[in-house]
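Me: Could you walk me through how to read contacts and burial in a model like this one?
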Amino acid sequence: MDHEIQRKSGLACKLEEIVASPLVNGYRNKCEFTIGLSTEGKPTVGFTLGTFKAGVTAVAEPVDCPNVSSIAIKYASIFQEFLQNSSLPVWCRHKNTGFWRQFTVREGRRPRNVTNVEYVHPEIGEVMLIFQVCSLGHDNDVISSEFEKMAYAFSTEAAASSPMLPLTHLVIQEHQGISNVAPYDAPLRSLLFPKPDCGPVTEPVSETEEPRIHDYINDLKFSISPTAFFQVNTLAAEKLYSLAGDWAGLDGDTLLFDVCCGTGTIGLTLAHHVGMVVGIEVNASAVSDAHRNAEINGIKNCRFVCGKAEDVMGSLLKEYLDVPQKQGGSSNAAERSDKEIACSENNGLEEQESGNQENSSLNMGVAFCRLFKSVVAVVDPPRSGLHPTVIKALRTHSGLRKLVYISCNPDTLTANAIKLCSNCPEEDKGKKDNRGWRNMSSACLAHRRVKSMPKSEPFWPVKAMGFDLFPHITL
Ligand SMILES: C[S@@+](CC[C@H](N)C(=O)[O-])C[C@H]1O[C@@H](n2cnc3c(N)ncnc32)[C@H](O)[C@@H]1O
């Protein structure tokens, strides 16, 4: 009944107030700058002035970008000055040639209440600079000499800046593809550089030291490797994760699936509220960060699986939920109330464990199924949304009663929510005309595709909320 009323008012569920970002300016802990030529043909580090599709490749400096941190702006400017005298060319998107492609600044905060006033932003303790380059066709000796000069330039400029700029790692990412989006496993290597805060420039950072920075969420320490995803607005993310936990209705009898878990942030911040967390993530570096993060925070009830959610979700649900039934036991979860979906808008099985551990975690699956009275999934997919196979697995497994969907893309959220919540197979009967699908919105397509969903109880949308994780940005 309520559902009908909500439909008539145009909303599928209650829409709660938008949560503001604690920081509105300079909140980004990660900025990816494009490297290219300005409209005057000058090597520039900044943002493209339009889309490549529209034929625009000119890059402008990050002026009047209130979301970008002042540390990132300073480093972009240091790098731009270096590039203007570099003997290696900047990347040309028309010809797909050049050397310097992209520049990423990642910042990590100090623990709460620990600041160092000598630094430009006392709360920022670590900075990693990542240089995406394409070395194809360039002389190795020239490259080595440029890297050496560049490391020296960054180190001296960081030390000379007043107050000083933190500098923790310089990382080179080799990428030869056409777009600047490099695969997760694109080769990385650290550059030696003299540490700016060690006085005279003599002490290089060790080449064997793994490049990673650290940040804090709810007083947990997170170790982040160069390509791992970490929410760019740390303070807003902290609020988001707490809310996700509240909405998920967790307790010690809950088994929590953290789908698309990145470095384990959501599962680890909620681990003390649940019996066990199972995180799933495709980026192997992020999964090893998640293991490390569990360890450094002394959290023992988490398992992280490296794989595409579409490849592993179904088998993990079976592993944890089906075993007792096969053995004649009954799942309390199946006797629970209607399935629920709560939406927050923000914007083969490979286990990274030894064989023995894998066996023991399989056994744990058996043991835990009997203990867990509820099974909840928090999904936080990339902009493309959840793969249809994941939706099918979530929807068709009757043991999973509650879902919290965190999305950074309203279009794919809508399409996924339709598939998760719709009773469409009957409604769509008789509509055989598939012409014009190219012009359909993702929501219309989702309506059509629900037809292919095996018969299953749909989720029920309960409430939604907007989170301002990206102030100053319009979609
Ligand atoms: C929006 S991020 C969320 C990460 C994490 N929940 C957080 O808040 O830090 C999406 C994550 O999904 C991962 N991912 C992308 N495609 C995936 C897939 N097919 N299966 C599993 N993880 C995937 C990405 O590597 C990224 O870490």
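Reply: Sure, contacts come first: two residues are in contact if their C-beta atoms, placed from the backbone, lie within 7 Å. This is a predicted model, so local features need pLDDT of at least 70 and side-chain atom pairs count only at pLDDT 80 or more, while totals for chains, interfaces and linings use all residues. Residues are numbered from 1 along each chain as its sequence is written.

Me: Which residues does Glu281 touch, leaving out those up to four places away in sequence?
Reply: Glu281 touches Cys260, Cys261, Gly262, Ala286, Val287, Ala290, Phe304 and Cys306. Glu281 sits in strand β12, residues 276-281. Strands (E, at least two residues) and helices (H or I, at least four) are DSSP runs, numbered from the N terminus.

Me: Is Glu281 buried or exposed?
Reply: A residue is buried with 20 or more other C-beta atoms within 10 Å of its own, exposed with 12 or fewer, and partly exposed in between. Glu281 is buried because it has 28 other C-beta atoms within 10 Å. Across the chain's 475 residues, 41% count as buried.

Me: And what does Asp380 touch, with the same sequence cut-off of four places?
Reply: Cys260, Ile266 and Ile406. Asp380 lies in the loop between β16 (374-379) and α10 (388-396), and counts as buried because 24 C-beta neighbours fall inside 10 Å.

Me: Which residues does the UniProt "binding site" annotation cover?
Reply: The unreviewed entry lists Gln231, Glu281 and Asp380. Take care with such records: annotations may be inferred rather than shown by experiment, feature names are shortened, and positions follow the numbering used here.
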